[in-house]
Amino acid sequence: MHVRPLPTLLTSALVLTLTALPLAGTASARPASSSSCSAQAIETAPEDGPDVKALCAALAGLPDKDATAALIRVGGKGSWHGSAGVRDLRTGAPALENARFRAGSTTKVVTAAIALQLAAEGRISLDGTVQQYLPGLLTEDFAPITVRQLLNFTSGLRPGASLGDTTEEMYPHRFETLTPAEVVAASVAKGPDPEYAPGERQVYGNIHYTVLAMLIERVTGDSYAHQAAVRIFRPLGMRHTSFPDGPDPRVHGPHNRGYEWIDGKLVDVTDWNMSDRWAAGDMISTTADLERLLVGVFEGRVVPEPQLKEMFAVPKAVDATMAAPFTPFELNGQTVWAKTGSRPGYHTVVAATRNLSRTVVYSVNSTDARGDGEAIARRFAFPAFNR
């Protein structure tokens with residue numbers, strides 16, 4: 001595979017692993033945003049607010065071998081936001097705190113919310129089936145699959161077509177287009193889960209939400225992207241959130257470039273056609289906008305009760321750990337509901353306590369964004385819940 005290596009970072013963590021090239025600028029470690037991580041900000045942080053000292057420690061030293069930039073936004077009882085790292089390794093320009101980024105599977109929060117709104121409006125039933133709303137999509141081999149089972153990843157649908165399982169495999173195909181219809185057709189061709197009926201086992205995957213978005217389009221007679229805009233983005237004031245125009249590989253607007261280790265070299269992976277991820281992971285957003293989404297959902301301003309409870313209901317199924325689509329974690333004696341997202345070069349988290357006493361949103365330009373997400377979260381998200 002031919003990849004274009006980037007210049008050596010002027011940090012001890014990377015200097016031994018990259019091939020030196022002429023630099024247009026330097027990419028030495030950039031301190032976290034000065035006002036957020038000043039000695040005064042750390043000393044005066046309220047005891048019942050976020051652990052500013054720990055959050056600043058997480059940002060210290062960027063860029064390093066694990067991340068080139070990070071943006072963290074904490075809200076609830078006490079608020080804080082900070083950024084560190086570089087916007088571009090070639091120039092060494094500091095990271096933009098208002099940067100747009102690929103939000104990955106946090107997109108599923110939007111998709112679930114649209115489906116649950118339609119249920120609240122009586123336009124679909126959560127107990128209605130794919131066969132009812134999308135006749136002909138599935139073969140007769142499939143047992144009835146409900147909307148609820150799509151939402152909570154228990155549909156039994158198997159993974160669809162992809163352009164690779166790893167970043168290394170996908171990279172040569174990054175400008176190719178794989179349509180959602182092709183993704184689903186490949187899933188259907190594999191047949192249903194041979195061991196478990198729909199509703200019996202939870203298996204996380206994009207296929208559930210790809211079919212869910214097809215259902216949304218069929219029921220509304222509108223594009224998924226437009227429904228997301230008029231139902232979610234505009235009402236919540238998410239002015240910097242959107243979906244790419246089909247196969248457009250660019251992140252439009254201010255953004256920090258994403259990088260990944262490929263064949264031992266750090267490669268710019270910013271430009272990438274993500275259209276195959278669609279309603280399961282193609283959204284572009286900012287930390288401020290995702291905070292608006294998180295708060296709006298948790299406050300019940302996006303999805304009304306009783307439909308909202310579905311977003312926090314872990315099904316009674318084999319291997320079930322998540323709801324639709326949030327996953328509960330126990331941190332410091334409190335339950336935190338979170339959704340992660342990862343695309344090459346970008347790792348995202350939205351998380352909050354159910355009563356919104358603490359929220360956190362981050363975007364990390366991880367050099368292994370699709371790798372160990374827990375390690376990234378432990379560094380950049382867990383400190384928000386220290387107290």
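Where does Pro-325 lie? Pro-325 is in the loop between α11 and β7, and the close-ups below start there. Everything shown is a predicted model, where local features need pLDDT of at least 70, side-chain atom pairs count only at pLDDT 80 or more, and totals for chains, interfaces and linings use all residues. Residues are numbered from 1 along each chain as its sequence is written, and side-chain values use heavy atoms, with hydrogens and water left out.

**View 1. Cis peptide bonds at Pro-306 and Pro-325.** Ala-324 is joined to Pro-325 by a cis peptide bond, with omega about 10°. Glu-305 and Pro-306 are also joined by a cis peptide bond, again with omega about 10°. Pro-306 sits in the loop between α11 (287–298) and β7 (327–331). (Helices, H or I with at least four residues, and strands, E with at least two, are DSSP runs numbered from the N terminus.)

**View 2. Ala-317 and its contacts.** Here's another residue from the loop between α11 and β7: Ala-317. Ala-317 counts as buried because its relative accessibility is 17%; buried means under 20% relative accessible area, exposed over 50%, and partly exposed in between (1.4 Å probe, protein chains only). Leaving aside neighbours within four places in sequence, Ala-317 is in contact with Thr-154, Gly-199, Glu-200, Arg-201 and Gln-202, where contact means heavy atoms within 4.5 Å. Arg-201 is 116 residues apart from Ala-317 along the chain, yet their C-alpha atoms are separated by 4.9 Å.

**View 3. Ser-363 in strand β10.** Strand β10 covers residues 358–366 and holds Ser-363. With a relative accessible area of 1%, Ser-363 is buried. Not counting residues up to four places away in sequence, Ser-363 touches Ala-69, Ala-70, Leu-71, Phe-101, Thr-287 and His-347. Its C-alpha atom is 9.8 Å from that of Glu-97, a residue 266 places apart along the chain.

**View 4. Salt bridges between parts apart in sequence.** The structure holds 17 salt bridges, each a side-chain nitrogen of Lys or Arg within 4 Å of a carboxyl oxygen of Asp or Glu. One of them joins Asp-48 and Lys-77 (3.5 Å, N to O). Asp-48 lies in the loop between α1 (39–43) and α2 (52–59) and Lys-77 in the loop between β1 (67–76) and β2 (80–85), so this pair ties together parts that are 29 residues apart in sequence. Next come Arg-73 and Glu-291, whose side chains meet at 3.1 Å, N to O. Arg-73 is in strand β1 and Glu-291 in helix α11, so that pair ties together parts 218 residues apart in sequence. Arg-73 is partly exposed at 24% relative accessibility, while Glu-291 is buried at 18%.

**View 5. A negative surface patch.** Which residues form the negative surface patch? They are Asp-165, Glu-168, Glu-169, Asp-263, Asp-368 and Asp-372. (Patches are made of residues with over 30% relative accessible area and no salt bridge; like charges are joined within 9 Å, and nonpolar side chains (Val, Leu, Ile, Met, Phe, Trp, Tyr) within 5 Å.) Glu-168 is in helix α6 (residues 167–170) and is partly exposed at 31% relative accessibility. Asp-263 sits in the loop between β4 (259–262) and β5 (265–268). Although Asp-263 is not a glycine, it has a positive phi of about 50°.

Terms used. Areas by Shrake-Rupley, 256 points an atom, 1.4 Å probe, with all protein chains shown as cover. Lys, Arg positive; Asp, Glu negative; His and termini not counted. Charge placed at Lys NZ, Arg CZ, Asp CG, Glu CD.
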